[in-house]
Amino acid sequence: MRDLHELSALEQAQAVRDQVISPVELTRHYLDRIERLDPRVGAYVTVTAERALEQARHLEKELPAGPLAGVPIPIKDLNLVKDVPIMFGSATYREFVSPVDDTVVERLRDAGTVMLGKTATPEFGLPCYTETALSPPARSPWDPATSAGGSSGGAAAAVAAGLAPAAQGSDGAGSIRIPASVCGLYGIKPTRGRISFAPIIPDLAGLSTNGPIARTVADAAALLDVMAHNTPGDHYLAPPHEGTFLEAARREPGRLRIARHADPVVPGAVVEPEVLAAYEEASATLAALGHEIVDIVPSYGPDLVPHFVTLWCTFACMHPVADDKTGMLRPLTAWLRERGFATPAPAFLQAQAALQLATRAALAATAGYDAILTPTVTQPPRPVGWFEDVDGPEETFERMSRFAAFPALYNVTGQPAVNLPLHWTDGGLPIGVMLAGRVGGEDTLISLSAQVEAARGGFWGERRPAVW
């Protein structure tokens, strides 16, 4: 047998069902790798070794049905796990222990997955890079000098380094797709309302959602099946879908009509040549598979950016911080919160109204397409420290906005979107491309992604990060 971490999550689950390996053996394998290798990549902020082994021992006695039973899946440190520290990436929450489970955590536990620990996230999930006062930076295993992205940077670093077979993440402005791009992974931001944030975390404007990060489409689809649920009181409900997402990964998508553009909405953002090369490579691959590729002009403009920034600044104020701890906030967080607390309620509502108006127009304009192809980010992976190597938090925010100029649109519209890891630079760095689908159209995106993956002989081929 290959090394256990070489197996996909679904292959691991099958080996557990066949009693080729045990959940305890699999869990020990990953805990050993985390102890030896995580200092190189900074994937975990908390490792729950004893809890994980206890779960694994229980699964050896009673393994539930399901495609991922027995498989270790870490939880992002923005999600609540009862009796486990949760710091939200902030030194201001260093001593806080969660009083309850998020319902998505309950779903993962009931499905028989094992929680290895909590993966690193930036402060309150706000930046697109994972550098905090709590733990070392989350680094891309393909080049530890580069950032693993954010805000699911620890989750992506864990999967790409073979410290977890797949991971739970969340995405409020690209926070699954950005780290998936810079770490060479497949990530899904589901349709708004597909996965509940109950019982505590509100959904409000509906920008953020939980979602899976994995090395393969089928693994991500199976994890999405486990995570998808709703809870009474949710503000948003995604359209229902037939069958399972894993079944979608195993069927052909048919011939699709795919729009494409590489025009960033953020003023000053420039799509660099290596990113354009990835975009053109993806277009050629999709065309070779028989899909119709149509160039379009985006139906939204830079006038939307200030409205989104208004929402982002006000949501930065959601986490309570005691007065005597505000000095512990990172400069970017403090700057965002200062702007957010200064935003009048009518200005917030006007910004949300403007974004909804634009969403209605954009969805109508692209209704004739099955998917939309764009870059995921505008530049190759950035060095650790690059976003803050500027004159103050305002310039950090500008760098973030220009780097992540594409993903947030689909948090505004609520459409599902995925990162496809199709391209590597001559220096061995991954660059992803993004496919967005119709609202409720995860099945189509997953089927199309699996077709591309198969045509390429797997996303990674023979590539492996040096840490592997």
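**Exercise 1. With which side chain does the side chain of D234 make a polar contact?**

Before the solution, one reminder: this is a predicted model. Now find D234 in the loop between α7 (217-227) and α8 (245-248).

- Step 1: Follow the side chain of D234 to the side chain of S196, where the two make a polar contact at 2.9 Å.
- Step 2: Check the backbone too. The D234 side chain also reaches the backbone nitrogen of T231, at 2.8 Å.
- Step 3: Look for a charged partner. D234 is buried, yet it has no salt bridge. R107 is the nearest side chain of opposite charge, and it sits 11 Å away. A salt bridge needs the nitrogen and oxygen within 4 Å, so R107 doesn't qualify for D234.

**Exercise 2. Work through some salt bridges and say which parts of the chain they link.**

Side chains of opposite charge can pair when their charged atoms come close. A search of the whole structure turns up 17 salt bridges.

- Step 1: Start with E292 and R257, whose side chains meet in a salt bridge at 3.5 Å, N to O. E292 belongs to strand β8 (residues 292-295) and R257 to strand β7 (residues 257-260), so this pair ties together parts 35 residues apart in sequence. E292 is partly exposed at 29% relative accessibility, and R257 is partly exposed at 31%.
- Step 2: Go on to E280 and R260, where the closest N and O atoms of the salt bridge are 2.9 Å apart. Here helix α9 (residues 273-288) supplies E280 and strand β7 supplies R260, a link between distant parts of the chain, 20 residues apart. E280 counts as partly exposed at 40%, whereas R260 is buried at 13%.
- Step 3: Add R402 and E395, a salt bridge with its closest N and O atoms 3.1 Å apart. R402 is partly exposed at 25%, and E395 is partly exposed at 31%.
- Step 4: Look for shared partners. Salt bridges join R260, E280 and D295 into one network.

**Exercise 3. How much space lies in the largest cavity, and which classes of residue line it?**

- Step 1: Count the cavities of 30 Å³ or more; there are seven.
- Step 2: Take the largest cavity, which holds about 460 Å³ of space. It has 32 lining residues, with A173, V266, F308, A404 and A408 nearest its centre. At least two lining residues come from each of α10, α12 (345-365), α13 (393-403) and α14 (408-413).
- Step 3: Sort that lining by class: 24 nonpolar, eight polar and no charged residues.
- Step 4: Now try the second largest cavity, at about 120 Å³. Its lining has 15 residues, and G193, I195, F197, D203 and S208 lie nearest the centre. The classes here come out as four nonpolar, seven polar and four charged.

**Exercise 4. Describe the two largest pockets and their linings.**

- Step 1: Give the largest pocket its volume, about 760 Å³. Of its 32 lining residues, F124, I201, P202, M318 and H319 are nearest the centre. β4 (166-171) and α10 (305-315) are the elements giving two or more residues to this lining.
- Step 2: Sort the lining of the largest pocket: 20 nonpolar, nine polar and three charged.
- Step 3: Turn to the second largest pocket, with about 310 Å³ of space. Among its 14 lining residues, R2, E6, R215, T216 and R464 are closest to the centre. That lining divides into three nonpolar, five polar and six charged residues.

How values were computed: Residues numbered from 1 in each chain as written. Predicted model: local features only at pLDDT ≥ 70, side-chain atom pairs only at ≥ 80, totals over all residues. Heavy atoms only, no water. 1 Å grid on protein atoms, 1.4 Å probe; cavity = no way out; pocket = protein on both sides within 12 Å on 5 of 7 lines; lining within 4 Å. Points joined across faces, edges and corners; volume = space filled by probe spheres on them. Helix = DSSP H or I, 4+ residues; strand = E, 2+ residues; numbered from the N terminus. Nonpolar A, V, L, I, M, F, W, Y, C, P; charged D, E, K, R; others polar. Buried < 20%, exposed > 50% of the residue type's maximum accessible area, 1.4 Å probe, protein only. Lys, Arg positive; Asp, Glu negative; His and termini not counted. Polar contact = N/O pair within 3.5 Å; in protein donor to acceptor, adjacent residues only side chain to side chain.
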